[in-house]
Amino acid sequence: MDNSILRNRDLTTLWHPCTQMKDHEWLPIIPIKSGKGVWLEDFEGKQYLDAISSWWVNLFGHSNPFINERIKQQLDTLEHVILAGFSHEPVIELSEQLVAITPPGLDKCFYADNGSSAIEVALKMSYHYWLNKGYKNKSKFITLSNSYHGETLGALAVGDVSLYKETYQPLLMQAITVPSPDCFQRETGSSWHEHSEKIFSHMQQTLEAHADEVCAVFVEPLVQCAGNMRMYDPVYLSLLRKACDEYNVHLIADEIAVGFGRTGTLFACEQASITPDIMCLSKGLTGGYLPLSVALTTNNIYQAFYDDYENLTAFLHSHSYTGNPLACSAALATLDIFANQPVLENNKQLSRYMLESVSELGDHPHVAEIRQTGMILAIEIIKDKKTMQPYPWQERRGLKVYQHGLQNGVLLRPLGNVVYFMPPYVINHDEIKLMAKTAIDGIHGATQ
Ligand SMILES: *Cc1c(COP(=O)(O)O)cnc(C)c1O
């Protein structure tokens, strides 16, 4: 079997996600045969370093023997069972562990099977909580500009990346959007902390004006990943927690991308010492193996639904594959690795090395900023550094870096004009060097 036969078969029947399919008239699809560690291999033996963890899901490498073994054991025991009225060991064990490792006060786990669905759960749960409590006017949500929470209609409505959202506006409920603490926008000389603190005044004012009609504020703690890896200081989250308490509004933390160590701590909320009212997890939850998501919440929210059946206060939301046992066993294996190996400690060193490896780009005429939070590093390329004028999106500069990466065996997938690394945690120094060199050369080439 070679790549080209599979490519033709692929294009005959597949419609790929997030893709203008016409691009594939000249941009070849890459069929992958196998994966091992940070490496993916195609059908002609060419290897690609997975610098983006296959859309931010993989934590401990492809085909990890330890996770594989746990899934195989589970497969011979129980592949799936309905989670309404029934339960199983992996989902009980996983819930106990999630409650133990997430911020204190998150005591109940409601499962779904992908990130967007967990956001839909959070939306409905928050709205329904207030309804059950007698707040009939609360039906709106506050979101940050440049935020991303997924692609289903509810999730899209509380996001703000126009590339994904604009087309579908007429189908979406209206969210209240306040300026993001995105520190790329800070004034020169101002620190991340100062900028994040200052910009919070917009949130404060919005809460003050709208609290009586607002159910919750949605945030991606510390890094707006799909929004071009824009980052901010934990102080924003501390202020938000206080304000949400003051104005009687839920705080919903979308840690779907940033959870499980990406920002340096197991969960990003830890850096502000806050507990959200609802926390959504997915992506790294199963180590990048199987679709699973969870909305964790407080006993207080749970109790607002707990009543005699005929009072009709129950949360009647479900998905067919909710809490799938195979996915839960992959998640348990992933949590075992965190428990038994000094993952976060090792990552500190890896993230330092990532930064060192691209430091020569610091004074590149078309690099506006190199920014980093934990294991996420982003390089923002720009047309004019003095006026901060971006490259027009039509030029697709990032795509040139993508193509350069593929030629050199590295899967980089820039977001617009932002080249970033978000690799599996099993990456070593030589692999970081290769990833960095390829990005540096790609950026040189794409900005000529
Ligand atoms: C990926 C992502 C989602 C959506 O998850 P899916 O599994 O792709 O539906 C939601 N929020 C954030 C922050 C994400 O990065």
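A salt bridge is taken here as a side-chain nitrogen of Lys or Arg within 4 Å of a carboxyl oxygen of Asp or Glu, and the structure holds 15 of them. The model is predicted, so that local features need pLDDT of at least 70 and side-chain atom pairs count only at pLDDT 80 or more, whereas totals for chains, interfaces and linings use all residues. Residues are numbered from 1 along each chain as its sequence is written, and side-chain values use heavy atoms, with hydrogens and water left out.

Within helix α9 (residues 235–247; helices are DSSP runs of H or I with at least four residues, strands runs of E with at least two, numbered from the N terminus), Asp245 and Arg241 lie four residues apart, about one turn of the helix, and they form a salt bridge in which the closest N and O atoms are 2.8 Å apart. With buried meaning under 20% relative accessible area, exposed over 50% and partly exposed in between (1.4 Å probe, protein chains only), Asp245 is exposed at 52%, while Arg241 is buried at 11%.

A salt bridge also joins Glu395 to Arg397, the closest N and O atoms being 2.7 Å apart; Glu395 is partly exposed, with a relative accessible area of 29%, and Arg397 counts as buried at 13%. The side chains of Glu380 and Arg371 meet at 2.6 Å, N to O, and both residues are buried. Glu380 and Arg371 further belong to a network of salt bridges that also links Asp182, Arg186, Arg230 and Glu369.
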